[in-house]
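Biologist: Hey, got a minute to walk me through this model? I'd like the overall picture, then some detail.

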Amino acid sequence: MSRALLAAGAAALIATATPAAAAGVPSPIVAPPDKIVIELATVNGSGCREGTAEVAVAPDNTAFTVTYSEYLAQVGPGAPPTAFRKNCQLNLRVHVPSGFTYAIVQADYRGFAFLQPGAWGQERANYYFQGMPQTSQRTHTFNGPLNDNWQATDRTEYADLVWAPCGEKRNFNINTELRVNAGTSNPQTTSFMAMDSTDASVSTLYHLAWRVCPTP
């Protein structure tokens, strides 16, 4: 075979190889076939006393939900001075099938807000693996008047994802915060923002990205 043909064949192989494979980086997958399990290791914060937060994994392993039952910040007559801000830190023990790792590619936060004209509310969140730097905190602001469900989405580009270390067991931490400010609203009125619901469809949804760990 001529050198020209060999060179052409090599070029074709390089062109058809995926960037991940060419760089020695594991390729992404949809989800591992075996079931993952997520347990609440610890729960701390004024917005989620023990027993008021639950975690459930989607059947196809592509996401998990967190549902709260007492997560509400409010201002107005009768509200304690500290009620304007509520927070929650969840420490999750995530069991994934051997040979796989995961990252959070998108988080959808949902709840209900009743904000008087001139009042505003905020939802803040970040998350990180135990022993690793926190992700940047993202803030979403909602202005009154508002009397409706609210939703905020945080999405991370694939190249910027923070992956769980392969071969190590590190808990996953989620920090969230709700804050309500009366602003210029009538001080005799009440405003609140909640991330809880008796309706299971109103919950926080974390979308998972998966890939195969490199062979040792």
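Modeller: Sure. Buried residues, meaning those under 20% relative accessible area with a 1.4 Å probe and only protein chains counted, make up 40% of the 216 residues in the protein chain. Bear in mind this is a predicted model: local features need pLDDT of at least 70, side-chain atom pairs count only at pLDDT 80 or more, and totals for chains, interfaces and linings use all residues. Residues are numbered from 1 along each chain as its sequence is written, and side-chain values use heavy atoms, with hydrogens and water left out.

Biologist: OK, how many helices and strands does the protein chain have?

Modeller: There are 2 helices and 13 strands. Those are DSSP runs numbered from the N terminus, at least four residues of H or I for a helix and at least two of E for a strand.

Biologist: What's the strand order in the open sheet of 5 strands?

Modeller: The order is E2-E6-E11-E8-E9, with antiparallel pairing; two strands pair if DSSP finds at least two bridges between them. Strand E2 (37–44) and strand E9 (138–143) are at the edges with a single partner strand each, so one side of each has no neighbour in the sheet.

Biologist: And how many bridges join E6 to E11?

Modeller: 8 of them, between residues 85–95 and residues 172–181. One piece of the E6–E11 pairing is Gln89, whose bridge partner in E11 is Asn175.

Biologist: Switching topic: where is Arg155?

Modeller: Arg155 belongs to strand E10 (residues 146–155). Beyond its neighbours within four places in sequence, Arg155 contacts Val105, Gln106 and Arg138, where contact means heavy atoms within 4.5 Å.

Technical notes:
Buried < 20%, exposed > 50% of the residue type's maximum accessible area, 1.4 Å probe, protein only.
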